Amino acid sequence: MAIAATVTMIGLSPAVSAQDVVEEARAALSQEILDRGTISVATNFNWPPFDYMSEEGEPTGIEVDLIRVIGAKLGLEVEFNDMKFPSIMPGVSSSRFDVGMNQFNITPERLKTLDFLPYFESGYGLLVPEGNASIDVNNLCGKTLVITQGSYYISYIEEMSKACTDAGNPEVGMKVFQSAAETMLALSNSRGDGFITASAVGTYVAQQNPGLELSSGRIEGRQDLVGFMIRKGSDLDKAMLIALESAVDDGSYLEVLEKYGVSEGAIGLETMRSLADNS
């Protein structure tokens, strides 16, 4: 698969200082990466709050900040490559890039070909019109949800609705729109009761849209582990894990999540270690 044409070099993170480096993590790096002095990261900067461009045109977001923290602890600069989402995974698996990130959920299928370093647990809730945050997200019988055409959640809402009617309750209604912008506009105008979303994304969208807010509750049984994608067999996963452990210990990991209002997605060291070891 040809991917070179999709790459736009964004640039390097600021140079790191010697006191930032965790020597145990740096010792786990390959000589090739040490000689190069950089981590090459593939992402798409159209997915706030994980990866996007600031008003000043600088890379920012949850993953951008975290990979910069990890890079500093490894004594490496971070080189960002903006590309189309479908090209990220093949770019990492072919060793064109060291790391891939774009809120990638860790799935059994992906673990067959790539390693992952987990850093976040993504819960799900509802974006709702302002003033409706108390909606019971686990009892949506009789409610109407807005959704964008082609979304995975169409089938999920259909299953939810069937469970309601099987129990003798009203169905879950659904209004489908052509684009995400149309869906959000419809919700802002109260043409639906809610929109299913990952909590981190919902928090960001609500911050940008005064007419919307995220539900206070989370959907039970829907959590996904999110991680940095690394080529299978690379030594980089071990080095990054040690660096991330250090970020947990010194508080910089939680500081990043708190900056974006998503500290509820923090995971423990045991989760980071067990999944990284078994990926």
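**Figure 1. Cys 141 and Cys 164 join up in a disulfide.** In this predicted model, the sulfur atoms of Cys 141 and Cys 164 sit 2.0 Å apart. Distant parts of the chain are linked here: Cys 141 belongs to the loop between β8 (114-129) and β9 (144-148), while Cys 164 is in helix α6 (residues 153-166), and 23 residues separate the pair. Which hand does the link have, left or right? The angle about the S-S bond is -85 degrees, and the link is left-handed. Is Cys 164 buried or exposed? Its relative accessibility is 6%, so Cys 164 counts as buried. If you go hunting through the whole structure, one disulfide is what you find.

**Figure 2. Helix α9 is largely enclosed by the rest of the structure.** Start with its length: α9 runs over residues 236-250, and at 1.5 Å a residue those 15 residues should span 21 Å. The C-alpha atoms at its ends are 21 Å apart, so the model agrees with that expectation. Now for its surroundings: 11 of the 15 residues are buried, which is why we can call α9 largely enclosed. Among the buried ones are Leu 236, Met 240, Ile 242 and Leu 244, but also Asp 237, Glu 245 and Ser 246. Just past the helix comes Gly 251, with a positive phi of about 90 degrees.

**Figure 3. Met 240 is one of the best-connected residues in the largest nonpolar core.** This core holds 73 residues, and those with the most contacts inside it are Ile 67, Leu 74, Tyr 119, Ile 196, Phe 228, Met 240 and Tyr 253. Helix α9 gives the most to this core, with eight residues. What does Met 240 touch, leaving aside its neighbours within four places in sequence? Its contacts are Ile 67, Ile 70, Leu 74, Val 99, Leu 117, Phe 228 and Ile 230. Another core, of 10 residues, lies apart from the largest one and includes Met 83, Phe 97, Ile 106 and Met 229. As a rule of thumb, nonpolar side chains in soluble globular proteins tend to be buried together.

**Figure 4. Helices α3 and α9 cross each other.** The axes of α3 (residues 62-74) and α9 come within 9 Å, crossing at roughly 105 degrees. That angle makes α3 roughly perpendicular to α9. On the α3 side, the residues that meet α9 are Ile 67, Val 69, Ile 70, Lys 73 and Leu 74. On the α9 side, the residues involved include Leu 236, Ala 239, Met 240, Ala 243 and Asp 250.

Definitions and conventions. Residues are numbered from 1 along each chain as its sequence is written. This is a predicted model: local features need pLDDT of at least 70, side-chain atom pairs count only at pLDDT 80 or more; totals for chains, interfaces and linings use all residues. Side-chain values use heavy atoms; hydrogens and water are left out. Helices (H or I, at least four residues) and strands (E, at least two) are DSSP runs, numbered from the N terminus. The expected span of a helix is 1.5 Å times one less than its number of residues. Buried means under 20% relative accessible area, exposed over 50%, partly exposed in between (1.4 Å probe, protein chains only). A disulfide is a pair of cysteine sulfur atoms within 2.5 Å. A nonpolar core is a set of buried Ala, Val, Leu, Ile, Met, Phe, Trp, Tyr and Cys residues joined through side-chain atoms within 4.5 Å. Contact means heavy atoms within 4.5 Å. Axes are lines fitted to C-alpha atoms, for helices over the stretch in contact, and angles run from 0 to 180 degrees between N-to-C directions. Angles under 35 degrees count as roughly parallel, over 145 as roughly antiparallel, 65 to 115 as roughly perpendicular and the rest as oblique.
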